[in-house]
Amino acid sequence: MKQKIIKTISFFVIIIILILFSVSCGDKQETTPPQPAPEHSDSFTFFDIGKNTIISGKVRENLNKTLGDDAIERRNVLDLEINYQGFLKEYFADFDKLNKQLNSPLGERVEHNTVKLMYRYMQNKNVSFDYVELVYSEYTQRPVLIKIHFKKNGTKTLETLKQKYGEPKKINWDGETSKSFYWKKSNDLLIQSFVPDQFGKPKCKIIIYFKNALEKLLNDEQTEKEKTRRERTKSGKTPF
């Protein structure tokens with residue numbers, strides 16, 4: 001009788017051990033592994049507007065809720081230069097070349113088939129921007145250029161950009177008071193500059209160049225000009 005009781009107790013002890021082991025293994029299987037850090041984007045965005053964002057009525061509506069009413073300007077001059085005349089030539093030769101292609105060497109006004117959305121009077125008091133400008137191609141309805149001017153110095157924004165896009169490269173172009181940080185992604189370029197105003201207080205501005213989109217705009221305009229020239233020649237409508 002005693003041995004029977006011992007066997008019964010041993011049986012239940014083994015069952016309990018097996019149950020505990022099973023629960024322990026189950027807990028390990030259900031434990032969620034650490035999530036990898038999110039990969040950096042292959043380009044840049046501003047309020048989720050990136051190089052492939054079509055500027056639709058819905059997108060404008062969302063921007064208006066954040067930035068206030070927009071002003072629209074069609075057929076615009078595109079001057080890519082920033083900070084001072086010659087900055088692009090000194091630090092970004094490829095964008096300087098592109099800027100020369102977009103403009104006349106004689107200084108004549110060259111208008112492009114673009115639409116510019118401008119936000120000057122920010123209704124949302126929590127927004128740190130003083131002026132925002134989005135320029136997009138009429139051909140693709142996608143942005144080619146974004147400019148942002150800040151009310152404040154933009155130091156917090158710099159830290160946010162570092163977290164999102166990684167460590168930038170730095171340019172000190174007029175001592176420590178005038179400096180720029182920049183990131184490059186898939187031919188696109190984002191530059192954040194700190195430029196002292198007349199009182200020596202640093203003002204912050206950001207510019208995003210969508211290089212492929214700018215090049216496509218040039219090609220689309222050239223194609224349109226060639227098409228118009230051929231149609232005029234075919235119809236006999238020549239200047240002389």
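**An open sheet of eight strands**

In this predicted model, eight strands (DSSP runs of E, at least two residues, numbered from the N terminus) form an open sheet in the order β1-β2-β3-β4-β8-β7-β6-β5, with antiparallel pairing; two strands count as a pair if DSSP finds at least two bridges between them. β1 (71-76) and β5 (169-174) stand at the edges with a single partner strand each, so one side of each has no neighbour in the sheet. From one strand to the next, the twist averages 15°; axes here are lines fitted to C-alpha atoms, for helices over the stretch in contact, and angles run from 0 to 180 degrees between N-to-C directions.

Packed on the sheet is helix α2 (residues 57-67), which touches β1, β2 (112-119) and β3 (129-137). Its direction makes about 35° with that of β2. A helix is a DSSP run of H or I of at least four residues, and contact means heavy atoms within 4.5 Å.

At the β5 edge, five bridges join β5 to the antiparallel strand β6 (residues 178-185). Ile171 stands opposite Ser180 in β6.

Ser180 and Ile206 are 26 residues apart in sequence, and their C-alpha atoms are 9.4 Å apart in space. Ile206 lies in strand β8 (residues 202-209). With 7% relative accessibility, Ile206 counts as buried (under 20% relative accessible area; exposed is over 50%, partly exposed in between; 1.4 Å probe, protein chains only). Leaving aside residues up to four places away in sequence, Ile206 touches several residues, among them Ile146, Phe150, Leu161 and Leu190.

Residues are numbered from 1 along each chain as its sequence is written, and side-chain values use heavy atoms, leaving out hydrogens and water. Local features need pLDDT of at least 70 and side-chain atom pairs count only at pLDDT 80 or more, while totals for chains, interfaces and linings use all residues.
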